[in-house]
Amino acid sequence: MGNGSAGKKADHNVGKTRDHTVPQMYLRRFAEDRGREQPELTVRRIDHVDRPFPTGPKNILVERGFYWGSTLEGVPHHLVEELLMQFEDDAAPVMKAVLDAPEGALPESWPLAPVERMHLAWWMAAQILRTTRQRKRLTHASQGGKALEVPAGIAAIAANNPHLQYIVGHLAALALTLYARPWGLGFSGMCLLTSDVPVVLFNAQDADDQLAAAAFCDIVLPLDPHRLLLLPGIATQALDSRKRTDHRMVIQGAVGMALVQVVYDAADTFVVHHPLHDPWRYWKPSGPRLPSPWDGQNHPAPTYAIEYDILPPDLTVERRWLTEHPPPTTTS
């Protein structure tokens with residue numbers, strides 16, 4: 001069985017399935033190995049970010065019956081769960097090859113082979129579509145921007161079915177869009193975090209047309225505490241022709257902090273980071289986050305732009321910089 005989309009395949013009762021909204025295999029990359037196969041994450045609730053708490057990948061970003069629902073156009077809902085798990089199984093060895101390359105923190109072999117790129121594109125598409133934030137956006141849009149009380153007994157079906165249909169209907173086109181774009185693989189000197197929205201679309205996270213947004217905007221996916229994928233958008237490519245093809249990069253200082261802010265701003269309920277790679281040692285959240293209209297928030301959204309340099313093909317980053325850090329900031 002795959003590493004985290006659903007609980008037991010044989011049990012498709014909404015009251016019993018434990019469904020991960022972000023895969024365990026991905027979260028483990030941000031966890032500290034404490035032995036006995038008990039990796040530990042540091043988690044912060046957005047509404048209490050100064051109260052971090054430890055937990056394991058299997059215990060966070062999981063909801064009961066999240067992928068449960070009635071049949072979708074003749075396709076049992078559990079097939080959606082199994083499809084998501086297959087994406088995870090296919091993407092896991094690709095991530096391992098990239099992140100565990102012995103020659104450096106960034107592998108010499110880049111770009112990915114076409115089949116590897118395909119597996120990761122499908123997985124990224126699923127992470128864009130499957131989130132709790134995406135579900136809330138869809139529910140809010142379907143209600144014409146008005147909150148609707150749903151009886152507890154049918155709340156899961158009412159929320160799940162349109163979301164599952166949306167996932168099934170958009171996966172292929174979104175994966176193809178991501179596959180065709182230039183990919184930047186980067187090392188960040190700043191410790192990175194991830195969240196329950198692991199793939200972030202700059203300035204378009206909650207766009208009505210998610211496919212169009214994914215075609216033109218900058219997209220970031222933290223891969224572990226110091227590596228990330230960044231797909232430069234149309235505007236970024238226009239400023240530097242080298243970013244119109246796959247490339248590698250080293251991101252330092254304020255740009256790394258800005259990326260942490262972007263991921264933090266898009267999170268729905270939780271942010272997650274490695275216990276020994278804590279962004280809060282160097283950074284503090286600033287300004288309003290992305291508004292959540294479904295929660296009554298309608299303030300203007302922050303806007304982002306990113307600039308970075310291309311790493312020459314004959315250079316890499318030593319693996320020791322994955323664990324060695326400067327002293328923490330003393331700025332309050």
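**View A. Two bridges join β6 to β11, and the two strands run antiparallel.** This is a predicted model, so read this and the other views with that in mind. The bridges are easy to pick out by their residues: Ser 195 stands opposite Val 271 in β11, while Thr 194 has Val 272 of β11 as its bridge partner. Step back a little and β6 turns out to belong to an open sheet of four strands, ordered β3-β2-β11-β6 and paired in the antiparallel sense. The edges of that sheet are β3 (48-55) and β6 (194-195), each of which pairs on one side only.

**View B. On the β2 side, β11 pairs with β2 over four bridges.** Strand β2 covers residues 41-45, and its pairing with β11 is antiparallel. Arg 44 has Val 271 of β11 as its bridge partner. Val 271 also stands opposite Ser 195, which makes this residue a handy landmark for finding your way between views. Which way do the side chains of β11 point? Phe 270 and Val 272 go one way and Val 271 and His 273 the other, and all of them are buried. That fits the usual picture, in which side chains of a regular strand alternate between the two faces of the sheet.

**View C. Arg 44 lies over the face of Trp 280.** The distance from Arg 44 to the ring centre is 3.9 Å. Is Trp 280 buried or exposed? With a relative accessibility of 6%, Trp 280 counts as buried, because the cut-off is under 20%. Arg 44 is also the residue that bridges to Val 271 in β11, so this view follows on neatly from the last one.

**View D. Aromatic pairs: the structure holds seven of them.** One is Tyr 26 with Phe 30, an edge-to-face pair at 5.4 Å centre to centre with 65° between the planes. Both of these residues are buried. Another is Tyr 264 with Trp 280, again edge-to-face, at 6.4 Å centre to centre and 75° between the planes. Tyr 264 sits in helix α8 (residues 253-266) and Trp 280 in the segment after β11 (270-273), so this pair ties together parts that are 16 residues apart in sequence. Tyr 264 has a relative accessible area of 7% and is therefore buried. Back with the other pair, ring pairs link Tyr 26 and Phe 30 with Trp 123 into a cluster.

**View E. Trp 123 is one of the residues that touch the most other members of the largest nonpolar core.** That core has 59 residues, and Leu 120, Met 124, Leu 178, Trp 183 and Leu 229 share this distinction with Trp 123. Apart from it lies another core, of 30 residues, including Ile 46, Met 249, Val 260 and Trp 280. What does Trp 123 touch, once neighbours within four places in sequence are left aside? The answer is Pro 23, Met 25, Tyr 26, Phe 87, Glu 88, Ala 91, Met 95 and Leu 221.

**View F. Arg 117 lies over the face of Trp 183.** Here the distance to the ring centre is 4.5 Å. Arg 117 is found in helix α3 (residues 114-129), and with a relative accessible area of 10% it is buried. Not counting residues up to four places away in sequence, Arg 117 touches Pro 111, Leu 112, Tyr 179, Arg 181, Pro 182, Trp 183 and Asp 246.

**View G. Val 199 is a buried loop residue.** The loop in question runs between β6 and β7 (200-201), and Val 199 has a relative accessible area of 1%. Val 199 and Ala 125 are 74 residues apart in sequence, yet their C-alpha atoms are 8.7 Å apart in space. Beyond its neighbours within four places in sequence, Val 199 is in contact with Met 124, Gln 127, Ile 128, Gln 205, Ile 219, Val 220 and Leu 221. Leu 221 turns up among the contacts of Trp 123 too.

**View H. Overview: the chain has eight helices and eleven strands.** Of its 332 residues, 51% count as buried. Take the contacts between residues at least 6 apart in sequence, and 77% of them join residues at least 24 apart. The accessible surface comes to about 15000 Å², with 56% of it belonging to carbon and sulfur atoms.

How values were computed
Residues are numbered from 1 along each chain as its sequence is written. This is a predicted model: local features need pLDDT of at least 70, side-chain atom pairs count only at pLDDT 80 or more; totals for chains, interfaces and linings use all residues. Side-chain values use heavy atoms; hydrogens and water are left out. Rings of Phe, Tyr and Trp (its six-membered ring) pair if their centres lie within 6.5 Å; planes under 30 degrees apart count as stacked, over 60 as edge-to-face and the rest as tilted. Buried means under 20% relative accessible area, exposed over 50%, partly exposed in between (1.4 Å probe, protein chains only). A charge sits over a ring if NZ of Lys or CZ of Arg is within 6 Å of the ring centre and within 35 degrees of the ring normal. Two strands pair if DSSP finds at least two bridges between them. A nonpolar core is a set of buried Ala, Val, Leu, Ile, Met, Phe, Trp, Tyr and Cys residues joined through side-chain atoms within 4.5 Å. Contact means heavy atoms within 4.5 Å. Accessible areas come from the Shrake-Rupley method with a 1.4 Å probe; for residues, only the protein chains shown count as cover.
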